[in-house]
Amino acid sequence: MFPNSGYTLVSEFKHTIMKTKLNLATCLLVGLTFGLSATAQKSVITKAALPTNAQTFLKTHFAGQEPTSIIEDKETFSKDYKVRFANNIEVEFDGKGNWEEVDGNHQTIPATVIPKNIATYIKTNFPNTTVTKIDKGTWGYEVDLSNGIELEFNSKGNFLRIDN
């Protein structure tokens, strides 16, 4: 009757099957992603269980202070650590024990944590302030000062900009 009707019906059927397969694949991928992230585990550990780099960092910059809690956060493909002290200062480490952030929660953090170039810049340009937080990323450093100003530095510690 309709010479093209069979062809159109077959192509629509194939298209519907392709969409169904794509939807199933998407659902499977989303399910796996949530399933894998659900395996994240946080557990309390001892200082001795931290990676050596983290232990050395704490001995160097927080000598005489014992952490009140140390949390190991295991994700599917990564691990990190969060150390908290009685004065509310928190230090975050990656899975290898390299520090990523020192957060004083609006209190001064140890000056020894601050790289020399950054410390010199702050002392020269913001003499009446202290560092309350430093965040180290692959791009560089972000530093919060006691006066509320946020500074950005490159990975070599050279000033880039004020980030308010």
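1. Two strands count as paired if DSSP finds at least two bridges between them. In this predicted model, strands β8 and β9 run antiparallel and are joined by three bridges. Within that pairing, E152 stands opposite R161 of β9. The two strands form a hairpin with four residues between them, and G157 in the turn has a positive phi of about 85 degrees.

2. The preceding hairpin is made by β7 and β8. These strands pair in the antiparallel sense over five bridges, and G140 faces N154 of β8. Four residues lie between the strands of this hairpin, where G148 takes a positive phi near 90 degrees.

3. Both hairpins belong to an open sheet of nine strands, ordered β1-β2-β3-β4-β5-β6-β7-β8-β9 with antiparallel pairing. The edges are β1 (41–44) and β9 (159–162), each of which pairs on one side only. From one strand to the next, the twist averages 20 degrees. As background, strands of a sheet pair through backbone hydrogen bonds, in either a parallel or an antiparallel arrangement.

4. Elsewhere in the sheet, β2 (residues 67–74) and β3 (residues 79–85) pair in the antiparallel sense over seven bridges. One bridge links P67 to its partner F85 in β3. Helix α2 (residues 52–61) packs on the sheet and touches β3, β4 (90–94) and β5 (99–103). The direction of α2 makes about 155 degrees with that of β4.

5. For the overall layout, the protein has three helices and nine strands. Along the sequence they follow the pattern α-β-α-β-β-β-β-α-β-β-β-β. Of the contacts with a separation of 6 or more, 35% are between residues 24 or more positions apart.

6. Buried residues make up 28% of the 164 residues. The exposed surface of the protein is about 11,000 Å², and carbon and sulfur atoms supply 57% of it.

7. Two glutamates in the β7 and β8 region deserve a separate entry. E142 lies in strand β7 (residues 140–145), and E150 lies in strand β8 (residues 150–154). Why is E142 classed as partly exposed? E142 has 23% relative accessibility, and the class covers values between the buried limit, under 20%, and the exposed limit, over 50%. E150 is also partly exposed because its relative accessible area, 26%, falls between those limits.

8. Leaving out residues up to four places away in sequence, E142 touches K133, I134, D135, E150, L151, E152 and D163. The C-alpha atoms of E142 and N154 are separated by 8.8 Å, with the two residues 12 apart along the chain. For E150 and K133, 17 residues apart along the chain, the C-alpha separation is 9.3 Å.

9. Which residues line the largest pocket? The lining consists of T108, I109, A111, I114, A119, I122, K123, T129, T130 and V131. Helix α3 (residues 116–125) gives the most to this lining, with three residues. The volume of the largest pocket is about 170 Å³.

Methods. Residues are numbered from 1 along each chain as its sequence is written. This is a predicted model: local features need pLDDT of at least 70, side-chain atom pairs count only at pLDDT 80 or more; totals for chains, interfaces and linings use all residues. Side-chain values use heavy atoms; hydrogens and water are left out. Axes are lines fitted to C-alpha atoms, for helices over the stretch in contact, and angles run from 0 to 180 degrees between N-to-C directions. Contact means heavy atoms within 4.5 Å. Buried means under 20% relative accessible area, exposed over 50%, partly exposed in between (1.4 Å probe, protein chains only). Accessible areas come from the Shrake-Rupley method with a 1.4 Å probe; for residues, only the protein chains shown count as cover. On a 1 Å grid over the protein atoms alone, a cavity is a set of points where a 1.4 Å probe fits but cannot get out, and a pocket is an open set with protein on both sides within 12 Å along at least five of seven lines; lining residues have an atom within 4 Å of a point. Grid points are joined across faces, edges and corners, and a volume is the space filled by probe spheres set on the points.
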